[in-house]
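Trainee: Please give me a close look at one part of this model, namely any space enclosed within it. Please then set that part in its surroundings.

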Amino acid sequence: MGNEAHLKKNIGFAVATSLVVGTVIGSGIFMKPGIVISSTGNSTLALWAWIIGGIITLASGLTIAEVSVKIPKTGGLYAYIEEVYGRFWGFLCGWVQTLIYGPAIMGALGLYFGTLVANLFGFSASSNTIIGIITILFLGFMNLLGTQYGGFIQNISTIGKLIPIILIAVFGLFQGDVQILNMDSGVTQSLSMGAAVLATLWAYDGFMNVGYMAGEMKNPSKTLPQAIITGILIVIAAYLTVNLAMLHVLPASKIVELGPNAASSAAAILFGKMGGNLLSVGILVSIFGCLNGKVLTFPRIPYAMAKDGFLPAAKAISSIHPKYKTPVGATLLQLAISIIMMLAADPDRLSDIAIFTVFTFYALSFVAVFLLRKKSNSNNQNLYKVPLYPITPIVAILGALYIIGSTVINKPLDAFLSILITIIGIPIYSILKSKQQKQQPLSKVS
């Protein structure tokens with residue numbers, strides 16, 4: 001046991017920073033440039049949207065890091081909300097993550113992956129969804145066989161995701177000849193910086209994971225903020241550089257037209273058909289790895305809730321495979337909801353719904369910093385504290401409110417559906433709580 005504890009406290013700055021970069025970079029940098037440009041109307045404003053999204057992400061990561069240090073529990077956002085606001089709000093957070101956030105992210109990634117595979121091999125557009133569903137089912141099966149298989153896929157994909165980013169960024173900036181700034185998007189739709197920033201936050205999503213490693217660091221009060229600042233700044237720089245490179249290779253209007261295939265097309269221009277195809281494979285590896293990470297981790301939320309008896313059909317959802325010791329019930333539940341979403345909506349809509357839904361609870365977790373400081377009587381200087389308090393958490397809160405408000409204004413139907421599913425959780429919670437209260441006396445008697 002002593003050796004295990006030592007290993008858990010052995011994460012230094014370099015490893016922590018690489019973990020930050022690895023958890024944030026996924027599909028968004030390849031899938032969202034066209035959406036961001038079309039939402040802002042021109043290339044310059046699109047670049048500003050990436051910067052604003054990065055600032056919100058940096059403030060959010062630094063803020064949630066303090067919450068994770070003060071609430072060193074497994075379960076992430078679900079655990080933080082429950083600890084600060086009580087079981088009811090914890091339940092709603094887990095309920096939304098189970099029914100909307102997790103499945104929507106998995107569904108969007110699956111559809112993005114299917115789109116790129118179909119484009120690479122010349123399949124019809126109608127095959128996108130089928131390829132995406134097959135991919136999600138395959139990863140679900142592999143992760144049910146044991147976490148070692150999912151972990152192997154994750155290690156390989158981490159390397160794969162960095163190769164296309166570096167190559168497109170470097171060669172695009174030096175070989176491109178297209179004007180970058182003040183280029184029109186070529187679309188006449190209504191413009192919205194809020195929608196653009198929402199799209200960038202899909203690319204930046206994952207920052208909530210950066211604070212989970214606080215208990216495993218040798219000196220979290222110094223290492224954690226340094227890793228968060230450095231890691232997210234690296235991601236911001238990578239995203240801006242890739243966008244600048246793509247705009248230097250393809251006109252802004254062409255990036256909008258190509259959509260998810262813009263990065264692959266830019267790679268083909270830079271490296272020829274064969275080189276472009278190889279980089280397209282690298283992009284696919286990145287998305288595949290990102291999707292694998294979600295399939296591996298998201299079922300843990302409904303599993304934890306079901307174990308506590310706070311989901312319908314809790315016994316089935318909390319079931320563990322007798323041989324492989326994996327959460328088979330929760331995984332199958334997440335896969336089923338994801339597939340339904342893939343059949344019902346396009347990936348851009350699913351990603352927007354996911355970000356809107358989770359940012360409501362992100363906002364609550366950012367406010368928790370103020371509440372925790374008010375309750376805390378400890379002056380332990382070894383505990384990490386968010387820098388530039390209270391400015392940093394205020395920026396995080398305002399950023400979250402900005403995303404929530406702009407989604408309600410620009411995409412009211414998506415917001416309404418998310419809110420409706422959240423509200424449905426209220427009577428479910430009451431029923432489950434009442435059921436537990438009735439069972440407790442019986443268990444005590446027995």
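Mentor: A cavity is a set of points on a 1 Å grid over the protein atoms alone where a 1.4 Å probe fits but cannot get out, and its lining residues have an atom within 4 Å of a point. Points are joined across faces, edges and corners, and the volume is the space filled by probe spheres set on them. The model is predicted, and local features need pLDDT of at least 70, side-chain atom pairs pLDDT 80 or more, while totals for chains, interfaces and linings use all residues. Residues are numbered from 1 along each chain as its sequence is written, and side-chain values use heavy atoms, without hydrogens or water.

One cavity of 30 Å³ or more is present, and the largest cavity holds about 30 Å³ of space. Its lining consists of L116, N119, L120, S264, S280 and L284. Two elements, α7 (87-121) and α13 (262-297), each supply two or more of these lining residues; helices (H or I, at least four residues) and strands (E, at least two) are DSSP runs numbered from the N terminus. The lining divides into three nonpolar residues, three polar and no charged.

The surroundings are helical: the protein has 19 helices and zero strands. Of its 446 residues, 54% are buried, where buried means under 20% relative accessible area, exposed over 50% and partly exposed in between, with a 1.4 Å probe and protein chains only. Among contacts (heavy atoms within 4.5 Å) with a separation of 6 or more, 82% join residues 24 or more positions apart.

The helix α7 returns in the largest nonpolar core, a set of 128 residues in which L77, F91, Y239, M246, F359 and Y362 have the most contacts. Helix α7 gives this core its largest share, 18 residues. Such a core joins buried Ala, Val, Leu, Ile, Met, Phe, Trp, Tyr and Cys through side-chain atoms within 4.5 Å. Leaving aside residues up to four places away in sequence, M246 touches P33, I168, I255, A262, A263 and A266.

Helix α6 (residues 77-85) buries L77, Y78, A79, Y80, I81 and V84. The cover over these buried residues includes α7, together with α5 (43-70), α14 (300-307) and α17. Just after α6 comes G86, with a positive phi of about 105 degrees. In α8 (residues 128-144), the buried residues include N128, I131, G132 and I133, and also T135, I136, L139 and G140. The list for α8 ends with M142, N143 and L144.

The chain also has a loop between α17 (347-375) and α18, where P390 is found. The peptide bond from Y389 to P390 is cis, with omega near 5 degrees. L388 lies in that loop as well, and its phi is near 55 degrees, a positive value in a residue other than glycine. L388 counts as exposed, at 64% relative accessibility.

Helix α18 (residues 391-410) contains V408, which is partly exposed because its relative accessible area is 39%. Outside the residues up to four places away in sequence, V408 touches F356 and A415. The C-alpha atoms of V408 and F356 are separated by 8.9 Å, although the two are 52 residues apart along the chain.

Note on methods
1 Å grid on protein atoms, 1.4 Å probe; cavity = no way out; pocket = protein on both sides within 12 Å on 5 of 7 lines; lining within 4 Å. Nonpolar A, V, L, I, M, F, W, Y, C, P; charged D, E, K, R; others polar. Expected span 1.5 Å × (residues − 1).
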